[in-house]
Amino acid sequence: MTQTLRRFRSGLFLLLIILVLGTTSISVVGEQEQAVIERMGQPERVVNRFRPGGESGAGLVAKIPLLETITVLPRGLVTYSYPDKRTKSADQQWLLVDADLTYRIIDPVRLSRSLGSAAKTEDQLKALLPPLLDQELGQRSAVAIAQPGAGGANQAMLRALDKDLRQYGLQVVDLRIARVALDEGSLNSAYDRMEQRHEATLAEIEVKSANDALAVTSAAEAEATARRQRSADQDPEFYSFYRAMRSYD
């Protein structure tokens, strides 16, 4: 009885090992995924690799347990946002900008060997994107940066970043400045300048109004004097009577 129980336990243990190995030898690669199969640390093959117009190779993937490992990476477009980057424009305005980036993994083997995983891509973007924003936006005025295309900065940054990321197997598909705003200090300075211009304009209007009123008054008095003079010339006796009446006032 004891011997039979031992055989049963051994068989059950062996069956469990087979099930575990069978489970670990099968992986699923989705439609929006591509996978790198490595054997003993060296790339062996790529499953469902992105190719323009290529057929999908998604589905069940077999690998040798313990000898082969699988690294799953995104196959489609990936978006990345870098918000609230503080940078200075060419006209010395401090700005807060949001940058939106879209990229694709075109060489999964290179990315797997250089970075190890797709998650580390963001670390490279955080290191490369800020100085690139400072360099390109620092050559353009705040007004140009706020316009569509950021005064040509979008295309310039896309080309530069794409060149840097190719070494990691990445292709930059799109890069654009999504939002531009003055930071608090620049915003306060802009408000102060607006208030100063408003006050200067108001003072100019007041001076012009006073000059216009004086000119109108002077013209009216001159016209009245001229009319009195014409009246005196036409009827000196009545004019003398008029001046006598005014003297009582």
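1. In this predicted model, the side chain of Gln-34 reaches the backbone oxygen of Pro-74 at 3.0 Å, and a polar atom of that side chain also lies 3.2 Å from the backbone nitrogen of Phe-50. The side chain of Gln-34 is thus placed against backbone atoms of Pro-74 and of Phe-50.

2. Gln-34 belongs to strand E2, which covers residues 33-39, and it counts as buried because its relative accessibility is 0%, where the cut-off for buried is under 20%. Leaving aside residues up to four places away in sequence, the residues that Gln-34 touches include Val-47, Asn-48, Arg-49 and Phe-50, as well as Thr-71, Val-72, Leu-73, Pro-74 and Arg-75, and also Val-29, Ile-105 and Pro-108.

3. Leu-60, located in strand E4 (residues 59-62), has a relative accessibility of 68% and therefore counts as exposed, the cut-off being over 50%. Together with Ile-26 and Val-28, Leu-60 forms a nonpolar patch on the surface, and the accessible area of these residues together is about 320 Å².

4. Helix H5 runs over residues 153-165, and because each residue should add 1.5 Å, its 13 residues are expected to span 18 Å, which agrees with the 18 Å that separates its end C-alpha atoms.

5. The buried residues of H5 are Ala-153, Asn-154, Ala-156, Met-157, Leu-158, Leu-161, Asp-162 and Leu-165, so that Asn-154 and Asp-162 appear in this list beside residues such as Leu-158 and Leu-161. The cover over these buried residues includes helix H3 (121-137), together with strands E7 (94-105) and E8 (170-182).

Conventions. Residues numbered from 1 in each chain as written. Predicted model: local features only at pLDDT ≥ 70, side-chain atom pairs only at ≥ 80, totals over all residues. Heavy atoms only, no water. Helix = DSSP H or I, 4+ residues; strand = E, 2+ residues; numbered from the N terminus. Expected span 1.5 Å × (residues − 1). Buried < 20%, exposed > 50% of the residue type's maximum accessible area, 1.4 Å probe, protein only. Contact = heavy atoms within 4.5 Å. Patch = residues over 30% accessible without salt bridge, like charges linked within 9 Å, V, L, I, M, F, W, Y side chains within 5 Å. Areas by Shrake-Rupley, 256 points an atom, 1.4 Å probe, with all protein chains shown as cover. Salt bridge = Lys/Arg side-chain N within 4 Å of Asp/Glu carboxyl O. Polar contact = N/O pair within 3.5 Å; in protein donor to acceptor, adjacent residues only side chain to side chain.
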